[in-house]
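Q: I'm new to this one and would love a close look at a single part of it. Could you take me through the backbone, with its unusual spots and the pieces around them?

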Amino acid sequence: MRIAVGLGKENVEARLERQGVSRRDFLKFCSMVAVTMGMGTGFAEQVARALTMPRRPSVVYLHNAECTGCSEALLRTGQPFIDELILDTISLDYHETIMAAAGEAAEAALEQAISSPEGFICVVEGAIPTANEGKYGYIAGHTMLDICGRILPKAKAVVAYGTCAAFGGVQAAKPNPTGAMGVNECFGAKGIKAINIGGCPPNPLNLVGTLVAFLRGDNIELDANNRPMMFYGNSVHDQCERREHFDNGEFAPSFDSEEARNGWCLYELGCKGPDTMNNCPKVKFNGTNWPVGAGHPCIGCSEPGFWDKLSPFYEN
C-alpha cells in the first residue's frame with residue numbers, strides 16, 4: 001500500500017493521475033487506510049497529506065515476548081492523539097499490531113524501512129528470549145533474537161519501550177525458562193545502547209517525548225538505568241499527592257478503610273513509591289489518573305527486576 005502511493009515522494013497525486021487513479025479514488029483509499037488504523041474516515045485528508053508530503057522520520061516498531069500492553073497504551077494516547085503521532089510527527093513504517101499489511105507484504109515493508117538511506121529509529125517492545133538460541137520466540141520463521149540482532153545495529157537510535165524490553169520484565173521473572181532479557185542486557189556487548197522507557201505499561205507521553213527530543217537533536221540525559229532523566233529523575237514517592245500523609249505518619253490500614261478513601265498514604269499496604277523512579281503522579285495517564293490516585297499502591301513497574309525484587313506487591 002505504501003508502494004502504491006509512492007512512499008511520501010513529491011508529486012504523488014500527479015503520478016497517480018497518470019496511472020488512472022483520480023483524487024476521489026485516492027481519498028477513498030486514504031479513508032480505508034484511516035479506518036484500518038482505527039482513526040475513522042474523517043482522517044482521510046490527513047492520511048492523504050501525509051502520503052503526499054516529503055517522507056517523515058521513519059520508525060520501525062518490533063514486537064518480542066510481551067502482552068502488547070505497551071502498544072495498547074500508546075494507541076490510547078490522549079495528547080498527541082495517535083493520528084497526530086503517526087501522521088504529523090513520525091512515519092511508523094512497521095508495527096505488527098496496527099499495520100494494514102500482513103505476511104509477505106509486511107515483511108517487505110520491514111525490509112524497505114530498514115534499507116532506507118535516511119535511516120530509521122527502532123522501538124522495541126517486549127523481552128528477547130535467548131535460551132536455546134532464541135527458539136522460544138519466532139516471527140515469520142525467524143527468532144526474535146535473530147531479528148533484533150539483525151535490525152538494531154542498523155538503527156539511528158533504539159528505544160526499549162516498556163519494562164520487558166528495557167529490563168526483561170515479567171518475561172524474565174524467576175525461573176525465566178526462556179532466558180528473556182532486555183535489549184541492553186542482550187545486545188549491550190555488541191554496542192547497542194537503547195534508551196529505556198520503563199513501565200508496565202509506560203506512559204505513552206514518555207515515548208512520544210523521547211522521540212520528539214531525538215528528532216529535535218536534544219541531548220537526552222539518562223540515569224544509571226538508561227532512562228531519560230526528564231521522565232525518571234524523581235521518585236514516585238516525592239511527587240505523590242499522598243506524600244503529606246506519609247510525612248504526618250497517616251497510613252491507611254486497609255484498602256476499604258475510611259482512611260484510604262480520604263487519601264491517606266498506602267505505604268503500609270505495599271506501595272513501592274519510595275523505590276520507584278517515574279513521573280506517574282505528575283503526568284498521569286491521558287492526564288486523567290494513575291494507580292495511586294485510583295487507590296492502588298505503586299508496584300514499582302518501571303524498575304529493573306521489579307517482578308522479583310519488589311514483590312510481594314502488597315507488603316513492605
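**A close look at the backbone**

A: Let's start with Lys284, which counts as partly exposed because its relative accessibility is 27%. This is a predicted model, by the way. You'll find Lys284 in the loop between α16 (280–283) and α17. What makes this lysine worth a stop is its phi: Lys284 isn't a glycine, yet the angle is positive, at about 60 degrees. For background, most residues other than glycine have a negative phi, and most peptide bonds are trans.

Thr68 goes against that habit too, with a positive phi of about 70 degrees even though it is not a glycine. Its place is the loop that runs between β1 (58–63) and α4 (69–75).

Now for the peptide bonds. Staying with α17 (306–309) for a moment, the segment after this helix holds Pro312. Pro312 is joined to Ser311 by a cis peptide bond, with omega about 0 degrees. Another cis bond runs from Cys200 to Pro201, where omega is near 0 degrees. Pro201 sits in the loop between β9 (195–197) and α11 (204–216).

That loop leads us to the helix, so to speak. α11 has 13 residues and spans 18 Å from its first C-alpha to its last, close to the 18 Å expected at 1.5 Å a residue. Several of its residues are buried, among them Pro204, Leu207, Val208 and Leu211. In general, an α-helix has 3.6 residues a turn, so residues three or four places apart point the same way. Right after α11 comes Gly217, with a positive phi near 80 degrees.

On the other side of the Pro201 loop is β9, and here the sheet comes in. Five strands form an open sheet in the order β2-β1-β3-β7-β9, paired in parallel. β2 (91–95) and β9 are the edge strands, each pairing on one side only. On average, neighbouring strands of this sheet are turned by 20 degrees against each other, direction ignored.

β1, the strand before the Thr68 loop, pairs with β2 in the parallel sense over four bridges. Across that pairing, Tyr61 stands opposite His95 in β2. Helix α8 (residues 144–151) packs on the sheet, where it touches β1 and β3 (120–125). The direction of α8 makes about 160 degrees with that of β1.

So that's the tour: two cis bonds ahead of prolines, at Pro201 and Pro312, plus positive phi values at Thr68, Lys284 and Gly217.

How values were computed: Residues numbered from 1 in each chain as written. Predicted model: local features only at pLDDT ≥ 70, side-chain atom pairs only at ≥ 80, totals over all residues. Heavy atoms only, no water. Helix = DSSP H or I, 4+ residues; strand = E, 2+ residues; numbered from the N terminus. Buried < 20%, exposed > 50% of the residue type's maximum accessible area, 1.4 Å probe, protein only. Expected span 1.5 Å × (residues − 1). Pairing = 2+ DSSP bridges. Axes fitted to C-alpha atoms, helices over the stretch in contact; angles between N-to-C directions. Contact = heavy atoms within 4.5 Å.
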